[in-house]
Amino acid sequence: MSDLARAVRFQNVHLAIVGLIAAVFIVGVFSSDRFVTLLNIANVQDQLVALALVALAQTVVILSGGIDLSFAGLLGLLSVLFATFAGSDPATFAAAYIGILALGTAIGAITGGIVAYSGIHPLIVTLATSTIMAGAALLHTKQPSGSVPIFFEDIVYARFFGFLPWGTLFVIAAYVLVGFVLWRTRFGIRVFAIGDDERAARISGVPVKLTKVLIYALSGFIAALAAIYLVGRFGVGDPRAGIGFDLRSITPVIVGGTLLAGGRGGVLGTLLAVILLALLANVLNFLNVSNFYLWIVEGVIIVVAVSLFVVRARS
């Protein structure tokens, strides 16, 4: 497939998602007069921040031909540790903030090292690390606990122009930065090269193992940002905060057009898919339909996407 054909393909995917967003939005408008209000628009944005960050991390990993299912345990562990050590003093809070980012990055790097140097499939490795971290979080506390300073909660719930949370601006900045890294740096070129053909990348001189360590380290760093946001939003650390994020992080990546095999895709499609899923959940709520149906839809999407990939690979 030529570069032009790939560009057209992903542009069509993006346009299709935008069309679906518009359709869901129209349904929402007719579902309730409270749908198009500043309060509800801000609420939708609040709900998508954590998923958008985790999906961004997952996009980078999948582009390299890997997968990261450690988010359930990682978010839980990082959230309870951050809520425990944040404190009310600004200096203590800053130290806890930096420490959690460093810990998330380190855990990601260790996970990436196991994937790169052991030869074990990343699905197995990340499931194992997720289980270990989930157990550690529950050993630390079995129920929501800890707290964060009032000023941090005020920042999380701050609104610009009455409807634009700071979290939305942060997500946009994160996607722009990661997108730039993927498309305009040597590291990004290596990510795509490994996902497209790891053996060819190695022969071409790409440091495959080191790059994988850096990819999972980046994933851990972004996941730490999501964990910190969750603590700020709910005011406590919950050892179960990450439940569901491992699989839910994959759905936007697939819907956004990134191939599960790696080497093809990007962050824009992922962000659009996150917006679509957040809007869909919000509309279902106004229609008094259980969000469990959204889980069913996401599960069906994953099964269909994997099936299509298998069929395409065989053909």
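This report covers salt bridges in a predicted model.

## Overview

The structure holds 4 salt bridges. Three are described here: Arg159 with Asp46, Arg202 with Glu198, and Lys212 with Glu198.

Side chains of opposite charge can pair when their charged atoms come close.

## The Arg159–Asp46 pair

Arg159 forms a salt bridge with Asp46. The closest N and O atoms are 2.6 Å apart. Arg159 sits in strand β1 (residues 159-160) and Asp46 in helix α2 (residues 38-63), so the bridge ties together parts that are 113 residues apart in sequence.

The two partners differ in burial class. Arg159 is partly exposed, at 31% relative accessible area. Asp46 is buried, at 5% relative accessibility.

## The Glu198 network

Arg202 pairs with Glu198, with 2.9 Å between the closest N and O atoms. Both residues belong to helix α9 (residues 198-203). They are 4 residues apart, so about one helical turn separates them. Arg202 is partly exposed, with a relative accessible area of 43%. Glu198 is also partly exposed, at 28%.

Glu198 has a salt bridge to Lys212 as well, at 3.0 Å from N to O. Lys212 lies in helix α10 (residues 208-234) and Glu198 in helix α9, so this contact ties together parts that are 14 residues apart in sequence. Lys212 is buried, with a relative accessible area of 15%. Through shared partners, salt bridges join Glu198, Arg202 and Lys212 into one network.

Methods
Residues are numbered from 1 along each chain as its sequence is written. This is a predicted model: local features need pLDDT of at least 70, side-chain atom pairs count only at pLDDT 80 or more; totals for chains, interfaces and linings use all residues. Side-chain values use heavy atoms; hydrogens and water are left out. A salt bridge is a side-chain nitrogen of Lys or Arg within 4 Å of a carboxyl oxygen of Asp or Glu. Helices (H or I, at least four residues) and strands (E, at least two) are DSSP runs, numbered from the N terminus. Buried means under 20% relative accessible area, exposed over 50%, partly exposed in between (1.4 Å probe, protein chains only).
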